[in-house]
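Morning, everyone. Please bring up the model on your screens. I'll walk you through it.

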Amino acid sequence: MNSNDPNHSPLRDVAQSPEATARYLADVQRVLLDIGKNLETLAHETRVHLRDTHVEGDRWYHARLRAMPVEKALGNVLKNLNSLTGGLEKSAYKRRAHDETVVNTAKGRREKELERQRKNNPPTLQAAPNPQQQGAQSENSGYGGPTSIYDLGRESA
């Protein structure tokens, strides 16, 4: 690829390699975790400030009730951020698994094709007869060899 190509995307190279994809997703995850730490601190500080904000005539729980929607919104952001970082890990794993599946699929197809060829064209056992076996066959013409493993020690009549 030419770097002057207007259609060239640096992420195209990353997407083509599972290792590069894993590194990139790990970098993104690292950044998001840093942002998450800041958001956790912000959520904590916001909670403290909002719950300390009392208006004249409030009962003890009014400030807390006013703060709950803001706390819930920040909590949802943190929950979504944690889901996002978990999804990044899963994506990196799935990307690597995809490449392994592609390699295994090619191997599996080759093995199936060989098995299919073996099944359709069974190998013939018509090897050139050994001269020693020919002599033994002419001596025993008309009689078969041992019929079971118990007859192996006996000679045919």
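I'll start with the overall fold, then take one helix, the core and the salt bridges.

A word of caution before we begin: this is a predicted model.

So, what is the secondary structure made of? It comes to 4 helices and 0 strands. Read from the N terminus, the order of elements is α-α-α-α.

The protein has 157 residues, and 13% of them count as buried. The exposed area is about 13300 Å². Carbon and sulfur atoms supply 54% of that area.

How do the contacts spread along the chain? Take contacts with a separation of 6 or more. Of these, 56% join residues 24 or more positions apart.

Now go to helix α3. It runs over residues 62-120, which is 59 residues. From its first C-alpha to its last, α3 reaches 82 Å. At 1.5 Å a residue, 87 Å is expected, and the value for α3 is close to that.

Where does α3 bend? Look at Met68, where there is a kink of about 35°. The proline Pro69 comes shortly after that kink.

Stay with α3 and look for its buried residues. They are Ala63, Ala67, Glu71, Leu74, Leu78, Leu81, Thr85, Leu88, Ala92 and Arg95. What do they pack against? Two helices: α1, residues 10-15, and α2, residues 18-52.

That takes us to the core. Which residues make up the largest nonpolar core? There are 5 in all: Leu25, Leu32, Leu81, Leu88 and Ala92. Both α2 and α3 supply at least two residues of this core. The helix that gives the most is α3, with 3 residues.

Zoom in on Leu25. Set aside its neighbours within four places in sequence, and Leu25 is in contact with Leu88, Ser91 and Ala92. Leu88 and Ala92 belong to the core as well.

Last topic: charges. Side chains of opposite charge can pair when their charged atoms come close. How many salt bridges does the structure hold? The count is 8. I'll show three.

First up, Glu19 and Arg96. They form a salt bridge, and their closest N and O atoms are 3.6 Å apart. This pair links distant parts of the chain, with Glu19 in helix α2 and Arg96 in helix α3, 77 residues apart. Are these two buried or exposed? Glu19 has 39% relative accessibility, so it counts as partly exposed. Arg96 has a relative accessible area of 36%, so it is partly exposed.

Next, Arg30 and Asp27. Here the closest N and O atoms of the salt bridge are 2.8 Å apart. Both residues lie in helix α2. They sit 3 residues apart, about one turn of the helix. Arg30 counts as partly exposed, at 49% relative accessibility. Asp27 counts as partly exposed, at 41%.

Finally, Asp99 and Arg95. Their side chains meet in a salt bridge at 2.5 Å, N to O. Why is about one helical turn between them? Because they are 4 residues apart in helix α3. Asp99 is partly exposed at 25% relative accessibility. Why does Arg95 count as buried? Because its relative accessible area is 18%, and buried means under 20%.

To recap: a predicted model, 4 helices, a largest nonpolar core of 5 residues and 8 salt bridges. Thanks for listening.

Terms used
Residues are numbered from 1 along each chain as its sequence is written. This is a predicted model: local features need pLDDT of at least 70, side-chain atom pairs count only at pLDDT 80 or more; totals for chains, interfaces and linings use all residues. Side-chain values use heavy atoms; hydrogens and water are left out. Buried means under 20% relative accessible area, exposed over 50%, partly exposed in between (1.4 Å probe, protein chains only). Contact means heavy atoms within 4.5 Å. Accessible areas come from the Shrake-Rupley method with a 1.4 Å probe; for residues, only the protein chains shown count as cover. The expected span of a helix is 1.5 Å times one less than its number of residues. The bend at a residue is the angle between axes fitted to the seven residues ending there and the seven starting there. A nonpolar core is a set of buried Ala, Val, Leu, Ile, Met, Phe, Trp, Tyr and Cys residues joined through side-chain atoms within 4.5 Å. A salt bridge is a side-chain nitrogen of Lys or Arg within 4 Å of a carboxyl oxygen of Asp or Glu.
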